[in-house]
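Me: Got a minute to look at a structure with me? I'd like to start with the pockets.
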Amino acid sequence: MPYQPQDRRYPHLQLAAEDRSPDRRKRSAPPTPPPNRGGRSAFASQLDTRLTALEVEVSASASTMPGIQPHLVFRIPLAKGAVVDEISANLRSVGLIPVSIEPDRAVIAFRNEVDLAEFKAAVGLYRQGPKINNKTGELYKSTKWDKFEYIDPDSMTLWTRHDRIGRNLRRDIGETGEDGLLARYIVDVELWHRGTRDLALASVQEVEELLEQAGQADQRILDRYVGDTLCLLRLMVNATVLSRLLDLAVIAEIEYPPQPDFDPITAAQVTPRDYPPPTRPGRNSPRVCILDSGVTTGHPLLRNNIGAAAAFMSTTALPDDEHGHGTMVGGLAVFGSVRECYTNGSFSSPITLFSARVLNRDNRFDDEQLIVNQMRRAITTFRDAPH
């Protein structure tokens with residue numbers, strides 16, 4: 001039963017189609033146009049209204065947090081096809097600092113003040129449309145602010161305390177951070193880095209001022225790192241101070257310090273006796289061939305799954321792995337998550353593994369053979385009978 005790409009039982013084995021079009025024939029795709037926003041006037045009004053709403057929202061929250069320096073930090077989602085660097089350049093020109101690009105390519109923008117006057121002025125210029133070219137007497141085709149059309153105004157939101165709570169910390173203090181009950185928290189705080197060390201240090205100072213307001217010696221900065229692109233603090237705080245930190249605009253995220261979740265000492269003491277011997281796959285089981293540095297054919301967890309192994313090298317006929325990479329890849333191909341098998345105490349897989357060694361002990365291809373000939377020999381050998 002050969003493995004089929006659509007077979008959902010083995011999601012760790014994915015086959016991707018090769019793009020075989022030569023580079024010289026490729027042409028750059030035209031840029032994706034922005035969504036239809038209903039005309040300049042309508043979109044400018046929509047964008048201006050949302051910017052005003054953000055100003056009002058941050059001003060209202062600032063009034064409830066006396067002694068905390070307000071800033072405007074908000075998320076700017078972008079439509080498909082947007083060139084993030086171009087949008088970021090436009091944002092910088094209206095007084096915003098892009099401090100993060102999210103996985104969905106949304107831009108997190110930081111403004112020291114709590115108004116968006118420069119942004120609104122640019123929106124006004126966008127509304128007016130292209131100017132006249134004095135040389136030709138004709139209108140330009142666009143304005144520099146047309147890139148705003150990639151912005152989704154309705155989805156622009158402030159960066160709130162909910163966004164600042166790390167995943168692990170959220171389990172203890174809740175979605176809003178109001179369930180904190182511990183007398184002491186040791187947390188890592190990432191501050192928005194606004195591009196210079198001086199601005200990063202200014203953010204650290206805001207945290208220090210908040211801790212001073214608490215007036216408790218045990219609420220303090222334990223350690224700090226201020227680099228060219230990253231600013232981190234390790235803090236010891238109580239639940240009350242932690243809650244106030246979640247409203248500090250200069251903070252990107254608060255999370256428990258990272259901890260290793262793998263015990264190498266225990267793992268090093270594991271022997272084959274700790275796991276039941278893997279059963280041999282059936283004759284009609286799925287079969288996978290890897291072309292790599294070979295496999296350790298006597299490996300106690302892999303040997304029952306190895307159907308055959310051969311070397312396709314001019315320097316050696318030894319199929320065994322002398323580098324280690326091929327054995328690792330073979331384990332992943334057979335078991336998927338080796339970590340999960342280790343945790344569950346059972347290494348079992350229906351997959352039969354075939355190993356074609358095409359790399360030497362230095363993980364390099366053969367010196368005397370063309371790679372295409374190595375590949376052809378390996379593939380035809382394991383594609384044909386009896387494999």
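Me: How much space lies in the second largest pocket?
Reply: About 340 Å³. Keep in mind that this is a predicted model.

Me: Which residues are closest to its centre?
Reply: Glu102, Trp159, Glu190, Trp192 and Ala252. They belong to a lining of 19 residues.

Me: What's the lining like by class?
Reply: Mixed. The second largest pocket is lined by seven nonpolar, six polar and six charged residues.

Me: And which strands and helices supply at least two residues of that lining?
Reply: Strands E2 (97–101), E5 (185–191) and E8 (251–255) each do. Helix H4 (161–164) does as well.

Me: OK, switching to the sheet with E9. What's the strand order there?
Reply: E9-E11-E10. It's an open sheet of three strands, with parallel pairing.

Me: Which ones are the edge strands?
Reply: E9 (287–292) and E10 (306–311). Each pairs on one side only.

Me: How far are neighbouring strands turned against each other?
Reply: By 15 degrees on average, ignoring direction.

Me: Back to E9 and E11. How many bridges do they pair over?
Reply: Six, in the parallel sense. E11 covers residues 352–357.

Me: What stands opposite aspartate 292?
Reply: Arginine 357, in E11.

Me: Last one. Which strands does helix H9 lie across?
Reply: E9 and E11. Helix H9 is residues 325–335, and it runs at about 160 degrees to E9.

Terms used
Residues are numbered from 1 along each chain as its sequence is written. This is a predicted model: local features need pLDDT of at least 70, side-chain atom pairs count only at pLDDT 80 or more; totals for chains, interfaces and linings use all residues. Side-chain values use heavy atoms; hydrogens and water are left out. Two strands pair if DSSP finds at least two bridges between them. Helices (H or I, at least four residues) and strands (E, at least two) are DSSP runs, numbered from the N terminus. Axes are lines fitted to C-alpha atoms, for helices over the stretch in contact, and angles run from 0 to 180 degrees between N-to-C directions. Contact means heavy atoms within 4.5 Å. On a 1 Å grid over the protein atoms alone, a cavity is a set of points where a 1.4 Å probe fits but cannot get out, and a pocket is an open set with protein on both sides within 12 Å along at least five of seven lines; lining residues have an atom within 4 Å of a point. Grid points are joined across faces, edges and corners, and a volume is the space filled by probe spheres set on the points. Ala, Val, Leu, Ile, Met, Phe, Trp, Tyr, Cys and Pro count as nonpolar, Asp, Glu, Lys and Arg as charged, and the others, Gly among them, as polar.
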